[in-house]
Amino acid sequence: MHRKLTLAFLLLSTLAFTQTPAGTVNVLTRENDNQHTGQNLQETILTPTNVNSGSFGKVFSYPVDGQIYAEPLYVHGLTMATGGVHNVVFVATEYDSVYAFDADSAALNPKPLWHVNFLNPPSVAPVPCSQGAGICQLFPVVGITSTPVINLATNTIYVVVRTQETSGTTVNWVVRIHALDITSGAEKTGSPATICSATGNSGCYLAGGTVQFGPHHQQSRPGLLLVPETGFPQGVLFIGFSGDSGWVLAFDPTSLTQVAAFYTDDEKSHSTGSKAPGIPPPPGIPGEGHAGVWGAGGAVVADTNGTVYAITGDGFWDGVVNWGDSLVKLTLTKNVSTGTYTLVPTDYFTTSDQSCRDAHGLDYGSAGPLLLPPQSGTTPNLIFTTGKQVNTCETTFAGYVLNRDNLGHVGGQVSQMTLPNGGGEQSPAYFSTGTTQYIYNGGDSDNLRAFTVSSSGVSTNSVMASSVFFEEGTSPVVSANGTTNGIVWAQEYLDDPDHLPAFSPAVLHAFNATTLVELYNSTQAANARDAGGPPTKFQVPMVANGKVYLGTSTELDVYGLCPCGGK
């Protein structure tokens, strides 16, 4: 379907952060925009000169009731329902809570501006992490994992909530979408809406009655995406899931009705379960599919025309209804006769070693994709992607550069770049100095590396690397004032992020964006002055108006300029 979007609506709905008065921003979606560039180009306070342990550090924190996997969001100058104007940071936790905190001072505002929780223990509880896949990839409970999204036009924050609900001996697994007023936390009209509620290993038929969505297994990890679309005044809300088959669901954000559904594995057309060769999967039973849409919390992105791209993990592939280890281009298409919509896969890329990846659990879709700004060469619209990479399947570790105007199908990448120590479960970031464009990638067991982008594509090898080694990888973001004062921010995870809780404090790092020389880290000051809470994987630092917000397992930590040189 051809979209005719007004420029005003496009800017309103697709930019990650919107400019209000000069020098202030709003961070409304994960990694700053729908392209997941991870850049805030309106940071006028923090510079490479003043970000050091003598003038920058942890200024306050807020305790929360559960782990923060979702990236914090930010709205400048918000008039609250109870009165008063605040810069507000929004935080969601795995204990199914959403908080609105004053973004500037815990001393002046020690309590949340509002706090809502969707539980009623013991009958309504978060899902124990051992449920679903049977291993605790998120620990210890699963409630709200995906980064919410905010629509400032309606003062609404959208949140996907997962619960375990018990009545007598019956246990229901429920996934809902909530639309909350950002000034009060109150439910909007029609909220919440149930995506699926089912008992045991059963599920809900969402896509033409052929495939079950299983709430016992499904996790919404990718950040929510609000994308402009003709016929929907407030755009369309896209939600990605992993757990059984991967899913991308489209909702009307005004009514919270489902518009369309796309699944990545039909759970029954292939004769063997890819994780157990020779053993057929139970037909149609959730939990037996593959090709999850997760991508380190950033698996679903959209270009400025509103076209959506979803990256998948390992699973069965046939290029028709099964999409393991693929980047799939999705177009929301209206049937003019019925008035209904479908999400149509109009193009795709699949790694040439897909069958090997599937056999060994080496997900291509373990890292989030990055849509680059238009380039001046013959291939202007590029996508940067990485994934789990070891030489079991590849002769060299590699990332893939794709042409989003022609994804090339199997092995059809434009080029590959070398990632010396493998890929990982993180997301990259982008920044341009005006003369040089950089992609920053923090792969597992590697240094933070920068690649250059030009009319000829992405450099094959990194052009610079940090001295800091990230054993568990990192998802960087960038703050800058236009093309100047660029700083790359990254969280270091010191413990094993899989299956175990973290105990060591998260380490916040800041690097000069043009050299990757370290400017600051939160271990430099004496007496653990800047120590944060234990980290969570997928966490992305959020930078807004002179402060850096980092979600942890126990608290929201806030860093900024401070008179802390003598502490």
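Here are some short exercises on the structure above, each with a worked solution.

Before starting, note that this is a predicted model, in which local features need pLDDT of at least 70 and side-chain atom pairs count only at pLDDT 80 or more, while totals for chains, interfaces and linings use all residues. Residues are numbered from 1 along each chain as its sequence is written, and side-chain values use heavy atoms, with hydrogens and water left out.

**Exercise 1. Confidence**

Task: find what pLDDT the protein averages, and which stretches fall below 50.

Solution:
- Start with the scale: pLDDT is the predictor's confidence in each residue, from 0 to 100.
- The average for the protein is 89, and 89% of the residues score at least 70.
- Residues 1-20 have a pLDDT below 50, and this stretch makes 63 contacts beyond near neighbours in sequence; a contact means heavy atoms within 4.5 Å.
- Residues 271-287 are also below 50, with 39 such contacts in the model.
- Where pLDDT is low, the predicted coordinates should not be read in detail.

**Exercise 2. Aromatic pairs**

Task: work out how the rings of Phe 213 and Trp 247 are arranged, and how those of Phe 349 and Tyr 400 are.

Solution:
- A pair of aromatic rings is described by the distance of the centres and the angle of the planes.
- Rings of Phe, Tyr and Trp (its six-membered ring) pair if their centres lie within 6.5 Å; planes under 30 degrees apart are stacked, over 60 edge-to-face, and the rest tilted.
- With these cut-offs, a search of the whole structure finds 20 aromatic pairs.
- Phe 213 and Trp 247 are 5.7 Å apart centre to centre with 70° between the planes, which makes the pair edge-to-face.
- That pair links distant parts of the chain, 34 residues apart: Phe 213 sits in strand E17 (residues 212-213) and Trp 247 in strand E20 (residues 247-251). Strands (E, at least two residues) and helices (H or I, at least four) are DSSP runs, numbered from the N terminus.
- Phe 213 is buried at a relative accessible area of 0%, and Trp 247 is buried at 0% as well. Buried means under 20% relative accessible area, exposed over 50%, and partly exposed in between (1.4 Å probe, protein chains only).
- For Phe 349 and Tyr 400, the centres are 5.5 Å apart and the planes meet at 50°, so this pair is tilted.
- Phe 349 belongs to strand E25 (residues 341-350) and Tyr 400 to strand E28 (residues 398-403), so the pair ties together parts 51 residues apart in sequence.
- Phe 349 is buried at 0%, and Tyr 400 is buried at 4%.

**Exercise 3. Strand E18**

Task: decide whether strand E18 is enclosed or open, and say why.

Solution:
- Five of the five residues of E18 (residues 225-229) are buried, so this strand is largely enclosed by the rest of the structure.
- Check each face: Leu 225, Val 227 and Glu 229 are buried on one side, and Leu 226 and Pro 228 on the other.
- Next, look at the partner: E18 pairs antiparallel with strand E19 (residues 232-241) over four bridges. Two strands pair if DSSP finds at least two bridges between them.
- Leu 225 stands opposite Phe 238 in E19.
- The E18–E19 hairpin has two residues between the strands, and Gly 231 takes a positive phi near 95° there.

**Exercise 4. An open sheet**

Task: identify which strands stand at the edges of the sheet E26-E27-E28-E30.

Solution:
- This open sheet has four strands in that order, with antiparallel pairing.
- E26 (370-371) and E30 (415-418) are at the edges; each has a single partner strand, so one side of each is left without a neighbour in the sheet.
- Two bridges join E26 to E27 (residues 382-385), with Leu 370 partnered by Phe 384.

**Exercise 5. Backbone geometry**

Task: locate the cis peptide bonds before Pro 140 and Pro 192, and describe phi at Glu 31.

Solution:
- Phe 139 and Pro 140 are joined by a cis bond with omega about 0°; Pro 140 lies in the loop between strands E10 (127-128) and E11 (141-142).
- The bond from Ser 191 to Pro 192 is cis too, with omega near 0°; Pro 192 is in the loop between strands E14 (170-181) and E15 (193-199).
- Glu 31, although not a glycine, has a positive phi of about 55°, and this residue is buried at 2% relative accessibility.
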